[in-house]
Amino acid sequence: MADHKVLAGARVVLPTGIVDSGRVIVAGGRIVGHAPADAPSVDLTGHWVVPGFVDMHNHGGGGASFTSGTVDEVLKGVHTHLLHGATTVVASTVTGDMDFLAHRAGELSELAEQGDIAGIHFEGPFISPCRKGAHSEDLLRYPDPAEVRKLVDAARGHARMVTLATELPGGLDSVRLLAEHGVIAAIGHTDATYEQTVAAIDAGATVATHLFNAMPALGHRAPGPIAALLQDERVTVELINDGTHLHPAALELAFRHAGPDRVAFITDAMDAAGFGDGVYHLGPLEVEVRDGVARLVEGGSIAGSTLTLDTAFKRAATIDRLPVESIVRAVSANPAKVLGLYDRVGSLEPGKDADLVVLDAEFTLVGVMRKGEWVVEPRPA
Ligand SMILES: [Zn+2]
């Protein structure tokens with residue numbers, strides 16, 4: 001009982017609303033309801049305390065790739081994002097050879113078993129060549145349910161999500177297969193029509209992979225996937241709020257239409273996140289990062305981001321001027337819910353992991369706690 005910590009004086013964002021000068025009590029790695037009278041108190045007056053961020057779509061950081069890095073490099077990438085507030089990270093792979101991806105799934109599943117990552121997201125190879133973005137065209141394939149199954153099995157229960165172009169042959173059967181296995185079918189890198197997208201949602205798809213990016217634009221006669229994904233209550237839409245992938249007006253449109261409970265901020269980060277400009281690789285493709293923007297050397301496609309979720313939060317609060325409670329849902333609660341992790345993470349409630357982020361009054365990150373331990377310790381107010 002000696003390890004109680006009382007975080008006092010901050011504006012605390014709870015699922016029920018904002019509490020001014022609230023208290024968060026932590027013990028044994030979890031949030032608890034009460035503390036003994038002599039428990040040490042940390043004064044966080046003037047700061048915000050919000051739930052730790054949950055990144056459901058992230059390819060790496062700190063110079064390391066989740067697709068091709070060594071185990072130590074993957075851990076370094078996860079730690080880089082942790083320093084920026086992401087206390088839960090799903091490791092995303094990019095398109096690769098099927099045997100390579102199956103092998104990689106086995107390696108990443110060990111990290112998931114140890115609790116270092118919250119599972120695996122396969123982005124590709126089952127995507128559209130018309131909307132391939134920074135994926136190798138010669139390795140793309142149709143979403144044959146047997147092949148999708150191969151990757152899910154290789155991940156040994158830790159496949160969380162597969163992004164696929166559901167309009168391709170085998171697409172709808174693959175969506176059904178994923179739904180049956182409790183894996184999120186995410187619609188993305190797609191050239192689908194509005195009607196094809198509706199059919200995929202009816203088949204069980206529940207996530208829009210980086211809405212707007214790598215899919216047909218919204219048209220008034222051909223509304224395409226964007227309208228279908230925004231309209232349907234069953235779908236959570238991912239947004240990359242880095243100022244490069246989306247115009248602020250597009251972000252606002254999505255937020256207003258989907259409402260605060262169906263938006264998930266993601267980073268879609270690649271190796272350079274939290275690291276710096278330079279030349280990197282995304283799977284087999286060469287990427288140049290200049291001024292924080294990652295583009296393929298060949299063709300110039302945007303190739304993931306260098307975003308971290310603390311920056312996405314700050315942009316949302318200061319540039320997009322979204323309400324803090326809505327931002328908290330987008331970076332924590334909503335991704336936790338869609339991933340099936342909300343019983344453990346995603347909000348500041350007794351019984352959950354003591355994962356939290358401390359922000360100053362200008363929404364700059366000043367503290368990170370994971371499972372009750374400070375990773376970044378805030379200076380007392
Ligand atoms: Zn991605």
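This is a short tour of a predicted model, stop by stop, with something to select each time.

**Stop 1: the zinc ion**

Start by selecting the zinc ion and showing the side chains around it. Which protein residues serve as its donors? They are H57 (through NE2), H59 (also NE2), E123 (OE) and D268 (OD), and they lie 2.0 to 2.1 Å from the zinc ion.

Now try the angle tool in your viewer. The four donor atoms subtend angles of 85 to 167 degrees around the zinc ion, so the arrangement is irregular. To see why, recall the rule: four donors count as tetrahedral if all angles lie between 85 and 135 degrees. For reference, the ideal angle for four tetrahedral donors is 109.5 degrees.

Next, look at where the donors sit in the sequence. The spacing reads H-x1-H-x63-E-x144-D. H59 comes from the loop between β6 (53–58) and β7 (60–61), while D268 comes from the loop between β15 and β16, so this pair ties together parts that are 209 residues apart in sequence. Are these two buried or exposed? Both H59 and D268 are buried.

**Stop 2: D268 and A214, two unusual backbones**

Stay on D268 for a moment. Here is some background: most residues other than glycine have a negative phi. D268 has a positive one, near 55 degrees. Its loop runs from β15 (263–266) to β16. With a relative accessibility of 5%, D268 counts as buried, because the cut-off for that is under 20%.

Now select A214, in the loop between β13 (207–208) and α6 (224–231). Its phi is positive too, near 60 degrees. How does A214 sit with respect to the surface? It is partly exposed, with a relative accessible area of 22%.

**Stop 3: a cis peptide bond**

Move to G124 and P125 and look at the bond between them. Most peptide bonds are trans. The one from G124 to P125 is cis, with omega near 15 degrees. P125 belongs to the loop between β10 (120–123) and α3 (145–154).

From here, follow β10 sideways to β11. Four bridges join these two strands, which run parallel. To find one of the pairings, select I120: its bridge partner in β11 is A159. How many residues of strand β11 (residues 159–164) are buried? Five of its six are, so call this strand mostly covered.

**Stop 4: two pairs of helices**

Two packed helices are described by the angle between their axes and the distance between the axes.

Select helix α1 (residues 71–83) together with helix α2 (residues 98–113). They pack at an angle of about 55 degrees, and their axes are 11 Å apart. That makes α1 and α2 oblique to each other. The crossing of α1 past α2 is right-handed.

Then pick helix α4 (residues 171–180) and helix α5 (residues 194–203). Their axes cross at roughly 25 degrees and come within 8 Å. α4 is therefore roughly parallel to α5. This pair also makes a right-handed crossing.

**Stop 5: an open sheet**

Find strands β16, β17 and β18. In that order, the three form an open sheet with antiparallel pairing. Which strands are at the edges? They are β16 (278–282) and β18 (293–296), and each pairs on one side only. On average, neighbouring strands here are turned by 35 degrees against each other, ignoring direction.

Zoom in on β17 (residues 285–290), which is joined to β18 by four bridges. V287 stands opposite L296 of β18.

While you are here, select P284 and G96. They are 188 residues apart along the chain, and their C-alpha atoms are separated by 7.9 Å. G96 lies in the loop between β9 (86–93) and α2. At 6% relative accessibility, G96 counts as buried.

**Stop 6: a hairpin**

Finish with β20 (residues 365–370) and β21 (residues 373–376). They run antiparallel and are joined by three bridges. V368 has V376 of β21 as its bridge partner. The two strands make a hairpin with two residues between them. Select K371 in that turn: its phi is positive, about 45 degrees.

Key. Residues numbered from 1 in each chain as written. Predicted model: local features only at pLDDT ≥ 70, side-chain atom pairs only at ≥ 80, totals over all residues. Heavy atoms only, no water. Pairing = 2+ DSSP bridges. Axes fitted to C-alpha atoms, helices over the stretch in contact; angles between N-to-C directions. Buried < 20%, exposed > 50% of the residue type's maximum accessible area, 1.4 Å probe, protein only. Donors = N, O, S within 2.8 Å, 3.2 Å for Na, K, Ca; no water. Tetrahedral: all angles 85-135°; square planar, octahedral: opposite > 155°, others 65-115°. Parallel < 35°, antiparallel > 145°, perpendicular 65-115°, else oblique. Left-handed = near helix turned anticlockwise from the far one by under 90°.
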